[in-house]
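Here are some short exercises to work through with the coordinates at hand. Try each task yourself before reading its solution.

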Amino acid sequence: MPSHSNGNFSKLYFQDFVLEGFAGGLRTQALLFAVFLALYMVTVLGNLLMIIVITLNARLHSPMYFFLKNPSFVDLCYSSVITPNALANFFSSSKVITFAGCTTQFFFFSLLATTEGFLLGVMSYDRFVAICSPLRYPSTMCQSACTRLVLGAYCGGCFNSVVQTSFTFHLPFCSSNRINHFFCDVPPLLQIAWGNTAINELLLFGICGLIIVALTIVILISYGYIIVTILRMRSGTGRRKIFSTCGSHMTAVTLFFGTLFVMYAQPGAIESMEQGKVISVFYTLVIPMLNPLIYSLRNKDVKEALRRLGQKHSAM
């Protein structure tokens, strides 16, 4: 733990952090370990299955499923950034994570979580073009356009992650190294930072709030046009099919942005760490686990592809 002299006093900077995680005895930790492990296994299997099914089935090689495959990949990655370390810490006596390890975990979590938000916005735009301008859809959402939109989502995520990571980890952590959380995140890190964190809190609420509000406006406008178009349709079958597809997406959007808003885009987030841990479990494990179920159970094409994959596997 090196020291840094400044005038008449010396500040000590910690090289390691301690992730305090959840309180409780051995039985509580064992129960939490089992819950986390079960959620993580379902998350990995569900999202891997979605990626494999979309990749192998030629009928699913369309822009909508191309965009759907990317959130599955992101969900798989950002759960994997957090959960394995959390599982190891349940039975660890030290629960130590290095400064470099904490920085890396924070960077990739911020990158992937922000990217998922942008991808949900891209998916709403895709549905808007497909339903409201079906004749222009093949040219508007060509392969190069889809690739650019996805790359734009990753670039937006990278920008937010670079800003948040650089500002957060330039703070001096010399008052405590005990993070009241099960992974490295902005609110608990700001709690243990030494000095004035007003700029960091402004960045957290400002950037995250701006991203959430901007994407919410894009999604609401897209779905406003979609609803108007659906109401003008004469075919009941067409309406039901569109409502089924769009309903899945809106469910995922509501779950994801709702939890992020509670955690990052309102001022009380910094103080309520115990509540924050529960919310964090929801968006780091529960939502990534639910997304494959949300998209597959309400999508006939995906269910048919899963059925064919199962038949092919059983025939081997």
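**Exercise 1.** How many disulfides does the structure hold, and which residues are joined?

*Solution.* Take a disulfide as a pair of cysteine sulfur atoms within 2.5 Å. The structure holds one: Cys102 is joined to Cys184, S to S 2.0 Å. This link links distant parts of the chain, 82 residues apart, with Cys102 in helix 3 and Cys184 in the loop between strand 5 (178–179) and helix 6. Helices (H or I, at least four residues) and strands (E, at least two) are DSSP runs, numbered from the N terminus. The model is predicted: local features need pLDDT of at least 70, side-chain atom pairs count only at pLDDT 80 or more, and totals for chains, interfaces and linings use all residues. Residues are numbered from 1 along each chain as its sequence is written, and side-chain values use heavy atoms, leaving out hydrogens and water.

**Exercise 2.** Explain why Cys142 has no bond to Cys146, then classify both by accessibility.

*Solution.* First, the distance: the closest cysteine sulfur to that of Cys142 is in Cys146, 6.8 Å away, so it is too far for a bond. Next, the classes: buried means under 20% relative accessible area, exposed over 50%, partly exposed in between (1.4 Å probe, protein chains only). Cys142 is partly exposed because its relative accessibility is 27%, whereas Cys146, at 4%, is buried.

**Exercise 3.** Check the span of helix 5 (residues 143–168).

*Solution.* The expected span is 1.5 Å times one less than the number of residues. For the 26 residues of helix 5 that gives 38 Å, which agrees with the 37 Å between its end C-alpha atoms.
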